[in-house]
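Me: Could you walk me through this model with a few questions and answers? I'd like each reply to end on the thing I asked for.

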Amino acid sequence: MRLAELVAALSLGVDLGFGQPMEHVLRQCLIALRLAERLGLDDDTRMVVYYTALLVNVGCHSDAHEQAKWFGDDITLKSGKYAYEQRSLAGAAATLRLIGSGNPPLHRFRVGLEFTLGGFRDLNGMINSHSALARELARRLGLPDAVQEALAGSYEQWDGRGWPGELKGDAVPLPSRLAQLSEYVEVAHRIGGTGAATALVRRRAGTQFDPGLAVEFCREPEEIVGGLDTARTWEAVIGAEPALGVWLGEEEFDAALLAVADFVDLKSPYTLGHGRAVGALAEAAALGLRMDPAEVTTLRRAGLVHGLGRLGVSNAIWDKPGPLGAGEWERVRLQPYLTERMLRQSPALAPLGAVAVQYRERLDGSGYPRGLAGGAISRPSRILGVADAYQSMIEPRPHRAALQAAEAAAQLHAEVAAGCLDGEAVAAVLAAAGHRTPRRSAGPAGLTTREIDVLRLLARGCSSKEIAAQLVISPKTARNHIEHIYAKIGTSTRASACLFAVQNGLL
């Protein structure tokens with residue numbers, strides 16, 4: 001398949017994570033390409049513009065757990081990005097008003113106090129890490145160095161007041177400048193038309209935006225944004241991939257799906273490595289049932305992407321330690337549907353969405369999103385549903401600790417007895433789970449056994465104090481371990497440490 005299809009599908013989840021309508025990122029890609037064409041850029045540079053525009057915000061969900069901790073709803077927080085100028089007092093005030101949202105006054109006061117002590121630094125660090133994570137995903141997808149460099153500079157500004165604030169002016173890669181201007185133009189045009197988009201570009205020219213690009217846009221804005229509302233956006237973006245495009249063979253496709261699964265799972269410390277684990281477990285169960293090889297491959301791949309729709313639901317719900325309300329449950333029930341909607345337009349990805357959309361359905365009709373029952377649920381979906389249920393049980397969740405394997409098996413058998421789960425699928429998944437390779441005893445990058453224990457807790461969102469309490473060590477020792485871990489694996493952020501732990505099978 002074409003890599004553009006997978007990246008475009010992922011961008012639909014990024015849209016929802018920012019509180020924007022689907023295809024916001026696709027439209028900003030078209031705007032960037034139209035500007036690139038007017039500038040006379042060659043195919044190689046236009047390819048960099050293309051993938052930079054599609055991936056520019058792909059890392060922004062990686063700290064949704066922390067965003068929800070401070071501001072109540074990470075999607076509401078990110079949706080305010082386009083309402084104010086970067087680093088403006090009005091924008092800062094709007095952000096501060098969200099602290100502790102959705103909680104009682106006393107809780108909001110406590111959160112506000114904690115935020116004044118360390119939250120500003122955390123928030124700044126989050127933004128700095130987003131471009132680094134986008135660059136890492138581009139690397140794992142096999143995109144060229146030029147794309148990686150453009151993504152690394154995608155939050156820099158013309159006046160040097162961006163993030164991380166190391167570049168300014170012409171030192172910011174041209175594709176980065178094009179992607180950023182196009183992102184804001186798309187929102188302004190969608191909300192207020194060509195006039196609003198032009199006014200925005202003129203107002204921020206020389207500060208956030210490259211003044212030369214601003215002049216080029218304002219010369220004939222309708223030529224750049226015209227027809228966006230009526231265009232068949234998906235087909236236009238896939239068809240506009242410069243040069244011959246990036247095509248994936250079977251192994252490259254699997255590697256790209258695995259990279260996307262790992263990045264989606266960064267959304268919550270409770271789901272780290274979930275997608276790759278479910279994919280492997282479902283595949284092993286299908287092999288045990290001697291299913292057709294093509295069906296096994298589709299099932300494994302569906303397992304990798306079955307959680308894409310989580311990007312469209314706030315971490316205020318996913319990471320809530322107490323019971324969910326009726327409205328919150330309705331959002332959760334949308335998750336498989338959103339996954340299908342993201343994958344359905346790609347001929348290569350649509351079969352995966354057809355399996356993933358049913359993984360929460362149950363034989364007695366009690367599942368979601370459509371309440372299917374009995375034979376209406378496909379065999380691959382039944383296996384995927386059991387693999388997800390088992391893997392979820394043995395992972396910690398905000399409202400409970402991880403279950404022991406025996407407890408998880410007992411619950412699955414109870415679901416079979418109640419007529420909810422397929423007995424054959426449960427038997428196959430449990431057989432596959434019982435023959436898994438044990439965890440390695442020595443860690444990568446020279447990590448000690450204790451450092452691996454600390455890294456696992458760190459990845460799950462525990463503070464140094466909480467890590468110390470669980471491992472019966474002092475907070476200072478825990479902090480020292482964390483510093484040593486960061487030094488050994490060559491990172492300085494929790495999100496990157498999470499990714500390292502996932503990629504090395506430590507979770």
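**Loops, rings and cysteines**

Me: In which loop is Pro-164 found?
Reply: Helices here are DSSP runs of H or I with at least four residues, numbered from the N terminus. By that count, Pro-164 is found in the loop between α8 and α9.

Me: Before we go on, what pLDDT do local features and side-chain atom pairs need?
Reply: Residues are numbered from 1 along each chain as its sequence is written, and side-chain values use heavy atoms, with hydrogens and water left out. This is a predicted model in which totals for chains, interfaces and linings use all residues, while local features need pLDDT of at least 70 and side-chain atom pairs count only at pLDDT 80 or more.

Me: What is omega for the peptide bond that joins Trp-163 and Pro-164?
Reply: Trp-163 also has a charge over its ring (NZ of Lys or CZ of Arg within 6 Å of the ring centre and within 35 degrees of the ring normal): the charged end of Arg-87 is 4.1 Å from the centre. The bond from Trp-163 to Pro-164 is cis, with omega about -5 degrees.

Me: And what is omega for the bond between Tyr-368 and Pro-369?
Reply: Pro-369 is in the loop between α19 (350-356) and α20 (379-393). Its bond to Tyr-368 is a cis peptide bond too, and omega is about 15 degrees.

Me: Which residues outside its sequence neighbourhood is Ser-154 in contact with?
Reply: Ser-154 is in the loop between α8 (145-152) and α9, and its relative accessible area of 1% makes it buried (under 20% is buried, over 50% exposed, in between partly exposed, with a 1.4 Å probe and protein chains only). Its side chain reaches the backbone oxygen of Leu-151 at 2.7 Å. Contact means heavy atoms within 4.5 Å. Leaving aside neighbours within four places in sequence, the contacts of Ser-154 are Val-56, Ser-131, Ser-176 and Gln-180.

Me: How far apart are the end C-alpha atoms of helix α1, and why does that agree with its length?
Reply: The expected span is 1.5 Å times one less than the number of residues. Helix α1 covers residues 3-17, and 15 of its 15 residues are buried. Its 15 residues should therefore span 21 Å, which agrees with end C-alpha atoms that are 22 Å apart.

Me: Is Glu-23, with its positive phi, buried or exposed?
Reply: Glu-23 lies in the loop between α1 and α2 (24-38). Its phi is near 85 degrees, although the residue is not glycine. With a relative accessible area of 18%, Glu-23 is buried.

Me: Is Arg-290 buried or exposed?
Reply: Arg-290 is another non-glycine residue with positive phi, about 55 degrees. Its place is the loop between α14 (274-288) and α15 (293-305). A relative accessibility of 76% means that Arg-290 counts as exposed.

Me: What kind of aromatic pair do Phe-71 and Phe-115 form?
Reply: The structure holds five aromatic pairs; Phe, Tyr and Trp rings (for Trp, the six-membered one) pair with centres within 6.5 Å, and planes under 30 degrees apart are stacked, over 60 edge-to-face and the rest tilted. For Phe-71 and Phe-115 the centres are 5.6 Å apart and the planes at 70 degrees, so the pair is edge-to-face.

Me: How many residues apart in sequence are the parts that this pair ties together?
Reply: Phe-71 and Phe-115 are both buried. Ring pairs also join them with Trp-70 in a cluster, and the charged end of Lys-69 sits over the Trp-70 ring, 4.6 Å from its centre. Phe-71 is in helix α4 (residues 64-71) and Phe-115 in helix α7 (residues 105-140), so the parts tied together are 44 residues apart.

Me: Which cysteine has the sulfur closest to that of Cys-462?
Reply: A disulfide is a pair of cysteine sulfur atoms within 2.5 Å, and the whole structure has zero disulfides. Cys-462 is buried, at a relative accessible area of 16%. Its sulfur is too far for a bond, because 11 Å separates it from the closest cysteine sulfur, that of Cys-498.

Definitions and conventions
Helices (H or I, at least four residues) and strands (E, at least two) are DSSP runs, numbered from the N terminus. A polar contact is a pair of N or O atoms within 3.5 Å; within protein, one must be able to donate a hydrogen and the other to accept it, and residues adjacent in sequence count only if both atoms are side-chain atoms.
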